[in-house]
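Please look through the sequence and the model below before reading on, and keep both at hand while you follow the report.

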Amino acid sequence: QVNLVESGGGLVQAGGSLRLSCAASGRTVSSFVVGWFRLAPGKEREVVASIGRRGGTYYTNTVKGRFTISRDDAKNTVYLQMNSLKPEDTAIYYCAAKPDSGTWYGGNAYWGQGTQVTVSS
């Protein structure tokens with residue numbers, strides 16, 4: 001069992017920055033692939049970035065060059081540094097953890113409760 005708690009969301013002006021944190025408890029976060037997802041009104045939930053067990057990263061095209069995902073094994077926490085924020089980045093951001101061979105929506109995946117990010121123009 002893994003418990004994930006997101007923090008760091010808030011209201012920011014366009015061009016600003018936020019750093020989201022996903023603190024894990026129960027198991028070491030480095031045992032999982034961890035992803036950041038977002039859900040915006042009227043849109044489907046999408047994966048924003050992910051980090052693999054060995055540190056490999058993935059970013060969706062719309063955030064490449066602006067967002068950075070990282071992991072601090074000592075703190076058992078995964079971060080999402082978001083720079084040059086745009087109004088279209090407004091969404092609820094979730095972190096999730098899954099085994100290498102699992103799927104994000106499978107029985108072995110774990111999800112946090114989400115944190116709201118609002119970017120004003």
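What follows describes the strands, their pairing and the nonpolar cores of this structure.

The model is predicted, and a convenient place to begin is an open sheet of four strands, arranged in the order β1-β3-β8-β7 with antiparallel pairing. Its edge strands, each pairing on one side only, are β1 (3-7) and β7 (67-72), and neighbouring strands of this sheet are turned against each other by 15° on average, direction ignored.

The table lists three antiparallel strand pairs, each with one residue and its bridge partner.

| Strand pair | Bridges | Residue and its partner |
|---|---|---|
| β3 and β8 | six | Ser21 and Tyr79 in β8 |
| β4 and β5 | five | Trp36 and Ala49 in β5 |
| β5 and β6 | three | Ser50 and Tyr58 in β6 |

Two of these pairs are hairpins: β4 and β5 have six residues between the strands, and Gly42 in this hairpin takes a positive phi near 80°, while β5 and β6 have five residues between them, with Gly55 in the turn showing a positive phi of about 100°.

Which residues have the most contacts inside the largest nonpolar core? They are Trp36, Leu80, Met82 and Tyr93, in a core of 30 residues. Strands β3, β4, β5, β7, β8, β9 and β11 each supply at least two residues of this core. Tyr93 touches, among others, Trp36, Leu80 and Met82, and its contacts also include Glu6, Arg38 and Gly114, not counting residues up to four places away in sequence. Apart from the largest core lies another, of five residues, among them Val33, Tyr94, Ala96 and Trp104.

Note on methods. Residues numbered from 1 in each chain as written. Predicted model: local features only at pLDDT ≥ 70, side-chain atom pairs only at ≥ 80, totals over all residues. Heavy atoms only, no water. Pairing = 2+ DSSP bridges. Axes fitted to C-alpha atoms, helices over the stretch in contact; angles between N-to-C directions. Core = buried A, V, L, I, M, F, W, Y, C linked by side-chain atoms within 4.5 Å. Buried < 20%, exposed > 50% of the residue type's maximum accessible area, 1.4 Å probe, protein only. Contact = heavy atoms within 4.5 Å.
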